[in-house]
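Here is a quick walk through the model, written for someone who would rather look at the structure than at a pile of output. Keep the viewer open as you read.

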Amino acid sequence: MRDTHRLMGFISRGFKGRRRDTASSSRLPPGQYLVNDFPVLSAGPTPRANLDQWTFSIEGEIDEPKRWTWKELLALPSDTVTKDIHCVTKWSKFDTTWKGVSVATLLEGVETGAEYVTVFCDGGYTTNLPLEDIMDGKAWVAYEFDGQPLHPEHGGPARLLVPHLYFWKSAKWVRGIRLENEQHPGFWESNGYHLYGDPWREQRYWGD
Amino acid sequence: MQTSEMKLDGNAIAGLLGEIFAVEMTSAQGTCASCGAVNEVGRVDVYIHAPGTVVRCPDCEQVLMRIVRGRGRYWLDLTGVRCLELAED
Ligand SMILES: [Zn+2]
């Protein structure tokens, strides 16, 4: 009886230890390392938006393009989500908290035959995604990070958040979504980076 | 990090360009395809804290070059440079 008890204790301690290891390694995609800070990545000068003139648009393969002002965007139902993010430059950050409008909310009632989107931004940045990857609570137009308005260096006033793909898809300074019938490679996707960018399959470059 | 700290000049990519080109590149003259300004490569705006290196025209901020290195390859987009004038060695 005592032996059995000791054996059980040993097993359960061992099991717990292993589970903890698996839990953290299973949250880190292959080739990534964990950071606690939030590195700033930038392909150009930081645009300073005038919120009185700022709009968010859905255009392209849509009968009536949609457009929201900054005030209208803030008035839409919002989500607060906590997600792990993974940058293709190999850092990952766990439990980042964002507030924003789900892209599904913006696409409500939209009829389109498009299967792809190009996300466009102040400063000229673009990134391409399959439409289904920004539907159903998989993507947000985020305007708060950690309970604060999103800082311009992290993409404020608003950035796309698509946490299940490499973070270059989470375009900073986002201004809209163009619905498209064909896939048009974006800023990085047209110059060596993977068209889709799944961190769990390590889709960093062309040919991965 | 301040925005000003993120912008470097063309000398920051002397090593990277040296891996790709056989001639000295920082003294090469590049013509911007957007605004026509001619700038020495050593004097252009360079952003390296990004998935790749982005080189921009100091006059109009348009992209001159994008350089991505990975998997033992380089991808080099020069569509923003209408002409590159290089000195013979
Ligand atoms: Zn120019």
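Let's begin at the tail of chain B, where B:Glu88 sits in the segment after β8. With a relative accessibility of 78%, B:Glu88 counts as exposed. Its C-alpha atom is 26 Å from that of B:Thr53, and the two residues are 35 apart along the chain. B:Ala87 is also placed in the segment after β8 of chain B, and its relative accessibility of 52% makes it exposed; the cut-off for that class is over 50%. In sequence, B:Ala87 and B:Glu24 are 63 residues apart, yet their C-alpha atoms are separated by 7.7 Å in space.

Bear in mind that this is a predicted model. It scores ipTM 0.92 and pTM 0.89. Chain B has a mean pLDDT of 93, and 94% of its residues reach 70 or more. As a rule of thumb, where pLDDT is low, the predicted coordinates should not be read in detail.

**The zinc site**

Which residues hold the zinc ion? The protein donors are the SG atoms of B:Cys32, B:Cys35, B:Cys57 and B:Cys60, at 2.3 to 2.4 Å from the metal. In sequence these donors follow the spacing C-x2-C-x21-C-x2-C. Take B:Cys32 and B:Cys57: this pair links distant parts of the chain, with B:Cys32 in strand β2 (residues 29–32) of chain B and B:Cys57 in the loop between β5 (53–56) and β6, 25 residues apart. Both B:Cys32 and B:Cys57 are buried.

Why is the arrangement around the zinc ion called tetrahedral? The four donor atoms subtend angles of 105 to 111°, and the class asks that all angles lie between 85 and 135 degrees. For reference, the ideal angle for four tetrahedral donors is 109.5 degrees.

**Empty space: one cavity and two pockets**

A search of the whole structure turns up one cavity of 30 Å³ or more. That largest cavity holds about 30 Å³ of space. Its lining comes from chain B: B:Gly30, B:Val41, B:Val44, B:Val55, B:Leu64, B:Met65, B:Val81 and B:Leu84. Two strands of chain B, β6 (63–70) and β8 (81–85), each supply at least two of the lining residues.

The largest pocket is lined by 37 residues and has a volume of about 610 Å³. Closest to its centre are A:Ala43, A:Gly44, A:Tyr125, A:Trp173 and B:Arg56.

The second largest pocket has 15 lining residues, and those nearest its centre are A:Tyr193, A:Tyr205, B:Pro51, B:Gly52 and B:Arg69. Strand β6 of chain B gives the most to this lining, with three residues.

Here are the three spaces with their volumes and the make-up of their linings:

| Space | Volume | Nonpolar residues | Polar residues | Charged residues |
|---|---|---|---|---|
| Largest cavity | about 30 Å³ | seven | one | no charged residues |
| Largest pocket | about 610 Å³ | 20 | 11 | six |
| Second largest pocket | about 230 Å³ | eight | three | four |

**Chain A and its backbone oddities**

Chain A has three helices and 11 strands. Going along the sequence, they come in the pattern α-β-β-β-α-β-β-α-β-β-β-β-β-β. Of the 208 residues in chain A, 48% are buried.

A few spots in the backbone are worth a look. Where does the cis peptide bond involving A:Pro157 start? It runs from A:Gly156 to A:Pro157, with omega near 15°. A:Pro157 belongs to the loop between β9 (148–149) and β10 (159–161) of chain A.

Next comes A:Lys90, which is not a glycine but has a positive phi of about 95°. A:Lys90 is in the loop between β4 (79–86) and β5 (91–102) of chain A. Is A:Lys90 buried or partly exposed? Its relative accessible area is 38%, so A:Lys90 is partly exposed.

A:Asp136, again not a glycine, has a positive phi of about 55°. Its position is in the loop between β7 (126–130) and β8 (140–145) of chain A. A:Asp136 counts as exposed because its relative accessibility is 65%.

Notes: Residues are numbered from 1 along each chain as its sequence is written. Chains are lettered from A and ligands numbered from 1 in the order in which they are written. This is a predicted model: local features need pLDDT of at least 70, side-chain atom pairs count only at pLDDT 80 or more; totals for chains, interfaces and linings use all residues. Side-chain values use heavy atoms; hydrogens and water are left out. On a 1 Å grid over the protein atoms alone, a cavity is a set of points where a 1.4 Å probe fits but cannot get out, and a pocket is an open set with protein on both sides within 12 Å along at least five of seven lines; lining residues have an atom within 4 Å of a point. Grid points are joined across faces, edges and corners, and a volume is the space filled by probe spheres set on the points. Helices (H or I, at least four residues) and strands (E, at least two) are DSSP runs, numbered from the N terminus. Ala, Val, Leu, Ile, Met, Phe, Trp, Tyr, Cys and Pro count as nonpolar, Asp, Glu, Lys and Arg as charged, and the others, Gly among them, as polar. Donors are N, O and S atoms within 2.8 Å of the metal (3.2 Å for Na, K and Ca); water is not among the atoms, so sites may look incomplete. Four donors count as tetrahedral if all angles lie between 85 and 135 degrees; four count as square planar and six as octahedral if opposite donors are over 155 degrees apart and all others between 65 and 115; anything else is irregular. Buried means under 20% relative accessible area, exposed over 50%, partly exposed in between (1.4 Å probe, protein chains only). pLDDT is the predictor's confidence in each residue, from 0 to 100.
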